[in-house]
Structure formats: C-alpha cells, structure tokens
Amino acid sequence: MGGALSTSVDITLNSLVLGGVFLIVATGLNIIYGLSRVMNLAHGSLYAIGAYAGYTLTTIGFNYFAAIVIAPVLVAAVGLLLERTIISPMRKRSMVYTLILTYGLMFFLDGLIKQSWGNEPRFVELPAMIKSTIPILGSHYPVFRLVTLFIIAGVMTGLMLFLNKTKIGIILRAASTIPEMVSCLGINMKHVHIGAFVLGCALAGIAGTIAGPLTTIDPLMGHEMLISSFVVIVIGGLGSLRGAVFAALLIGAVQTLAEFFITDLAMVIVYMLMAVILAFMPRGLLGEGRFE
Amino acid sequence: MDKHLTIPDNDKGITAYKIAAITVLIAGLALFPFVITNRFYISLINEMLIYGLLAMSLDVLLGYTGLLSFMHNAYLGISAYVVGLFLIHISPSSLWLALVAGVIFTSVVALPVGWVQVRTGGLAFALLTLAFGMMFHTIVWKWYGLTGGDDGLMGVPNPAITIFGWKIGDSGDPATMYLFTLVIVALCYLLTRRIIRSPFGAVLEAIRENEERAAFIGINVRMYKLFGWMLACMLAGVAGALFILYKGYIGPTTMSAFAGAGVLMMVLLGGLGTLWGPLVGAAIFIYIQDYISTMTEHWEIYLGMVVVLLVLFLPTGFVGLGSYFKRLGKE
C-alpha cells in the first residue's frame with residue numbers, strides 16, 4: 001500500500017471504471033425505455049448473463065477479447081427472443097403489467113443462472129499480457145482495468161457516433177422524441193422497438209462481460225446492477241444521455257468511496273439519494289429527463 | 001401518456017348468497033383445528049391467512065388505487081420486528097399493546113415514504129417502492145445489535161390472548177393462535193370491504209381508471225393516493241403482528257425483494273381489484289410453495305415463469321377465470 005496520493009489515484013481510476021460500467025448498463029435501459037416505454041426490470045439479469053457468458057467463453061478456450069465481442073451477441077440474441085415472445089404483447093397494456101412481467105422475468109432468468117452456473121462465485125481468467133500492474137504516481141494499478149476503461153470509452157464513442165451519424169441511429173433518436181411522426185414517414189415502428197430492445201440488451205451484455213474480471217461473478221450481481229443503474233437514470237433524468245454520463249460518474253465515485261471508507265450504509269445512502277431526487281427533481285439533476 | 005389500468009367491476013354488492021357463503025367459509029375455517037389436529041396443517045392455513053391479509057392489503061393499493069408496490073412485504077416485516085422487539089424488551093405479556101405499537105410504528109414509517117411516493121407518477125412510484133423496500137431490507141439486515149442481522153429476531157415470548165382482561169388462551173398454542181388470526185383477518189376483510197365499497201373506495205377506483213379525469217372533477221389525487229397507501233400499509237402492519245405472534249421468529253429474508261415478488265404473485269393469482277381474490281391467491285401460493293420447495297431448490301424459476309405467464313394470459317387471475325367460464329356458458 002502506498003501513501004495518500006496512490007490511494008487517491010486508485011480511488012479515481014476505480015470510480016471511472018465502475019461509473020463506466022454503470023453508464024453502459026443505464027444507457028441500455030434508457031434506450032429501451034425511451035423508444036418503447038418498457039422499463040425492463042430484467043435488465044440486470046441480462047447483464048449477469050453477459051458476465052457468465054464471458055466466463056464460460058474464456059474457460060472453454062476463447063481469448064478474453066474475443067469473449068467481449070461474442071458474449072454481447074449472445075445476450076442480444078436472448079433479448080431478441082424475449083422481445084418477440086413476451087415483451088411486444090405488453091405494449092398495448094398498462095405499464096403496471098409490464099413492470100410486473102419484467103419483474104417475474106428477472107427472477108426466472110436469475111433462477112436459470114443459478115441452475116446453470118451454481119451459487120458459488122466465479123472468476124474470469126485474464127490473458128497474460130494484461131495481467132500485470134503499471135506504476136501510476138506511486139500506485140501499482142492493474143493494466144486490465146485501464147484496458148477496461150479504454151473499452152468503455154470506445155463503446156460509448158461508438159454508440160454516440162451510431163446514434164448521431166448513421167441513418168438508423170437518427171431514426172432511433174427521432175422515434176424516441178415523436179414516434180407518431182416517424183411512423184408517418186414510413187418507418188416500421190415494430191422494427192424500431194425490436195432494434196431498441198436488442199441494442200439495449202447488447203449493451204447490458206457488453207457491460208457484464210467487461211465487469212466480470214473487475215469483481216467476482218455471482219447470481220446476485222444483476223440485482224445490485226439493476227438498482228445502481230436505476231439510480232443512475234433517475235439522477236441523470238430518464239432518457240437523458242448527458243445526464244446519465246454525469247450521474248454514472250457520480251454514483252461510481254460514491255460507491256467506490258463507500259467501499260474504501262464505510263461499507264454497510266453505502267447502499268442506504270444511495271437509495272436515499274434516489275428517493276430525494278425522484279421526489280423533488282423528477283427530471284434529474286440536469287433537468288433533461290422526462291418521467292411520466 | 002401511460003395506458004390506464006382498467007379492471008371491470010363484477011361485484012354486485014351484498015347478496016344473501018354471498019353472506020351465506022362467507023359465513024359457511026369462516027365457520028368451516030373456525031372448526032378446522034377441532035377436526036384436524038395435525039399441527040402442520042394448522043400452521044399452513046395460519047400462514048395462508050396471514051399472507052392473505054398481506055396480499056389483500058396490496059390489492060387495496062394495486063387493484064383499487066392502481067399503484068404498484070414491489071416490496072409490500074417490507075411493511076409486514078417492519079411491523080413484525082417492532083412487535084417482536086416490543087415483546088422482548090418492553091413488555092412480554094401485553095399482546096394488544098404490542099399489536100397497536102406495531103401498526104402505529106409501521107404507519108409512522110409509511111407516512112413520509114408515502115408522502116414522497118405520491119408526489120411522483122406511476123413508474124417512479126413503483127421504482128421508489130423498490131428503493132425504499134431495499135433500504136429497509138438493508139437496514140434490518142445490517143443492524144445486527146437490534147435485529148439480530150442474518151440470524152433474525154429470535155426468542156420472541158408468547159403473550160396470553162386476552163379480551164378486556166379475560167384470558168382466552170395462549171398465543172403459543174397453534175390452535176388458539178390460528179383462531180385468533182382467523183378472527184383478526186376476517187375483521188380486517190370486512191372492514192376493508194366496507195371502506196372499499198364506500199364513496200372513498202369509489203374515489204380510489206376513479207384514480208386507478210383515469211387519474212387526470214379524477215383530478216379535473218376536483219379530487220385531490222395525491223391525498224387520496226396517500227390514504228390508499230396508508231390503508232394498505234396499516235393492513236400489512238396487522239399482518240406483520242400476526243406473523244411474529246404465530247412464528248415467534250422473523251428474519252431479513254421475509255423482507256427481501258424475492259418475497260415481495262411472491263406477494264405480487266398472490267395478488268395476480270387471485271385477481272386484481274377483487275379483495276377476496278388475493279386471499280385465495282395467497283392460499284394457492286403458500287400451498288404450491290410448500291409443495292414445490294420440498295422438491296426443487298430452484299423455486300424462483302417457477303415463481304418467475306408463473307408471474308410472466310399470468311401477466312400474459314390471465315391478468316385477471318382465477319377470479320377472472322370464473323367470469324370467463326360464465327361468459328362461455330352463456331354463449
């Protein structure tokens with residue numbers, strides 16, 4: 001252990017990594033809600049499936065970097081299946097039913113995870129080249145965490161470019177603002193809904209795969225992530241991408257600090273923060289979200 | 001705009017047939033411990049009644065006011081812990097005082113939570129119930145000195161059941177406790193039914209069907225939502241008091257998110273907005289849980305699957321199934 005400087009370097013970098021994972025999960029949740037008004041409570045379980053898929057792929061001999069590409073595709077396939085079978089019939093119904101349905105789905109998927117991989121925690125074996133540590137201002141920081149940080153930055157940049165520069169991305173953004181107009185322009189909204197759900201699930205899968213080596217993989221990881229990503233989208237404002245970036249970094253920092261100093265009450269503080277923001281600033285800290 | 005939760009009203013009011021059915025049912029349940037003395041079955045039905053009361057209280061909130069609470073079991077848990085702590089630390093023999101303390105403390109906790117929650121829309125309300133529920137679960141779980149943490153609250157004394165000073169029996173005796181539970185649950189059901197059939201209940205249903213219209217005709221929507229919430233939490237508090245008296249033990253798992261999903265499933269199984277449906281739903285749920293958990297450890301797969309299938313194919317529950325067959329017979 002080093003001095004105060006190296007500890008603060010550790011805390012800063014860890015907050016960025018954790019915040020980045022929150023950001024990817026929360027953005028997936030945001031995209032699904034923004035485009036199809038489905039608040040997917042099973043999103044955390046899809047994230048966990050991503051982590052377990054990454055684990056299984058690396059144990060059967062795939063390269064870690066290959067797993068980061070393949071696992072999200074598998075999660076996206078699960079998402080496509082779910083959307084076509086049980087999520088799409090819910091669009092015509094009250095939101096209460098959608099919430100209950102995805103809540104049930106969460107327990108179903110968690111149960112499947114427990115049955116397939118068991119209750120005991122799993123660890124992802126990293127390739128030798130990124131296993132070492134690198135000295136930064138007196139701290140010996142693990143290289144793979146820095147690599148993870150670059151992957152997160154890459155995924156978010158790619159997503160921004162996709163949403164802002166490609167035609168499909170522009171249609172998605174338009175559909176989240178005025179779906180009727182997009183529909184009038186001859187775009188099949190059914191395809192938009194499918195695309196949004198699959199994209200959101202793929203993001204959950206990416207987050208799960210890169211989060212695997214950061215922590216231990218256990219069946220409860222999805223629950224914790226679901227709550228954390230809720231807090232992120234509530235604080236950032238529902239549907240606001242800029243707000244989510246801000247909130248994810250904030251919550252990442254709060255949780256990392258809490259892990260260093262106080263552990264037991266950390267989550268209680270986060271829940272309280274979420275309640276206060278929801279009640280008094282329902283549009284999020286930046287005032288960009290829209291809660292109905 | 002969100003689509004509203006619409007539930008058809010099939011209740012034609014009190015008929016002689018209904019009074020007879022309820023009387024026969026209560027009498028049958030009351031005679032049960034004298035016919036079947038097996039303690040296992042008595043406690044099973046006792047648990048069905050307690051969870052039935054909890055499911056009924058959630059129905060007041062979800063089925064009548066249209067507000068979703070993911071973790072209504074949190075309020076059962078809070079009350080159970082308070083009653084247990086009261087009996088351990090303050091007075092081991094005052095049953096009624098403990099019961100009242102449990103319900104009052106639950107209301108004191110539920111009031112600010114409800115005040116915050118009703119300020120938000122349907123989705124945020126549901127997410128907040130999850131956040132607050134998880135918070136209470138974490139507090140109970142981590143506050144080892146007071147609640148016993150993971151081990152739960154143990155060694156809760158069994159006070160005597162008295163009415164105006166007359167000792168009727170001991171709450172440690174399963175048959176006596178069962179009859180006590182039956183009386184309290186029956187009273188709560190009749191009282192809640194009376195409240196729900198009153199103009200107050202009609203206002204709650206108006207909010208469920210169309211919140212904007214209710215506000216336009218001059219109803220203070222927030223205030224009525226808060227009343228609905230408080231009624232639901234107080235009933236859950238009564239269920240919590242009965243829970244700790246019957247079990248003599250409570251652990252944090254009773255307040256977990258998973259247990260909360262179970263309560264939602266009881267309401268869905270029975271039928272939203274029917275009040276008696278969730279009581280039936282709870283009985284079915286407790287029976288299945290007892291049956292399945294002895295066979296498989298992956299109970300949550302089945303719970304999740306049944307919840308999904310219910311929402312997709314039978315959103316009105318078994319009560320709805322009844323009217324479906326009635327329609328089928330007419331055609």
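pLDDT is the predictor's confidence in each residue, on a scale from 0 to 100. The exercises below use a predicted model.

**Exercise 1. Confidence**

Task: Find which helix of chain B has the lowest confidence and which has the highest.

Solution:
1. Begin with the chain as a whole: chain B averages a pLDDT of 84, and 93% of its residues score at least 70.
2. Then go to the helices. The lowest confidence in chain B is in helix α14 (residues 317-330) of chain B, with a mean of 68. The highest is in helix α10 (residues 221-247) of chain B, at 92.
3. For the complex, the predictor gives an ipTM of 0.82 and a pTM of 0.84.

**Exercise 2. The fold of chain A**

Task: Determine how the radius of gyration of chain A compares with the globule rule for 292 residues.

Solution:
1. List the elements: chain A has eleven helices and two strands. Read from the N terminus, their order is α-α-α-α-β-β-α-α-α-α-α-α-α.
2. Compare the radii. The globule rule gives 19 Å for 292 residues, and the radius of gyration of chain A is 19 Å, so chain A is as compact as a globular protein of that length.
3. Add the extent: along the principal axes, the C-alpha atoms of chain A fill a box of roughly 60 × 45 × 35 Å.
4. Look inside. Of the 292 residues in chain A, 50% are buried. Among contacts in chain A with a separation of 6 or more, 77% join residues 24 or more positions apart.

**Exercise 3. Helix α4 of chain A**

Task: Check whether the span of α4(A) agrees or disagrees with its 23 residues, and decide whether α4(A) is enclosed or open.

Solution:
1. The expected span uses 1.5 Å times one less than the number of residues. For the 23 residues of α4(A) this should come to 33 Å.
2. The end C-alpha atoms of α4(A) lie 32 Å apart, which agrees.
3. A residue is buried if 20 or more other C-beta atoms lie within 10 Å of its own. In α4(A), 18 of the 23 residues are buried, so the helix is largely enclosed by the rest of the structure.
4. After α4(A) comes A:G118, with a positive phi near 80 degrees.

**Exercise 4. The interface**

Task: Identify which helix gives the most residues to the side of chain A that touches chain B.

Solution:
1. Count both sides: 37 residues of chain A are in contact with 41 residues of chain B.
2. Name the contributors. On the chain A side, α4 (95-117), α9 (221-236) and α11 (266-280) each supply at least two residues.
3. Of the elements on that side, α4(A) gives the most, with 17 residues.
4. Sort by residue type: the side of chain A that touches chain B holds 27 nonpolar, five polar and five charged residues.

Conventions:
Residues are numbered from 1 along each chain as its sequence is written. Chains are lettered from A and ligands numbered from 1 in the order in which they are written. This is a predicted model: local features need pLDDT of at least 70, side-chain atom pairs count only at pLDDT 80 or more; totals for chains, interfaces and linings use all residues. Two residues are in contact if their C-beta atoms, placed from the backbone, lie within 7 Å. Helices (H or I, at least four residues) and strands (E, at least two) are DSSP runs, numbered from the N terminus. Ala, Val, Leu, Ile, Met, Phe, Trp, Tyr, Cys and Pro count as nonpolar, Asp, Glu, Lys and Arg as charged, and the others, Gly among them, as polar. The radius of gyration is taken over C-alpha atoms; the globule rule is 2.2 Å times the number of residues to the power 0.38. A residue is buried if 20 or more other C-beta atoms lie within 10 Å of its own, exposed if 12 or fewer, and partly exposed in between; C-beta atoms are placed from the backbone.
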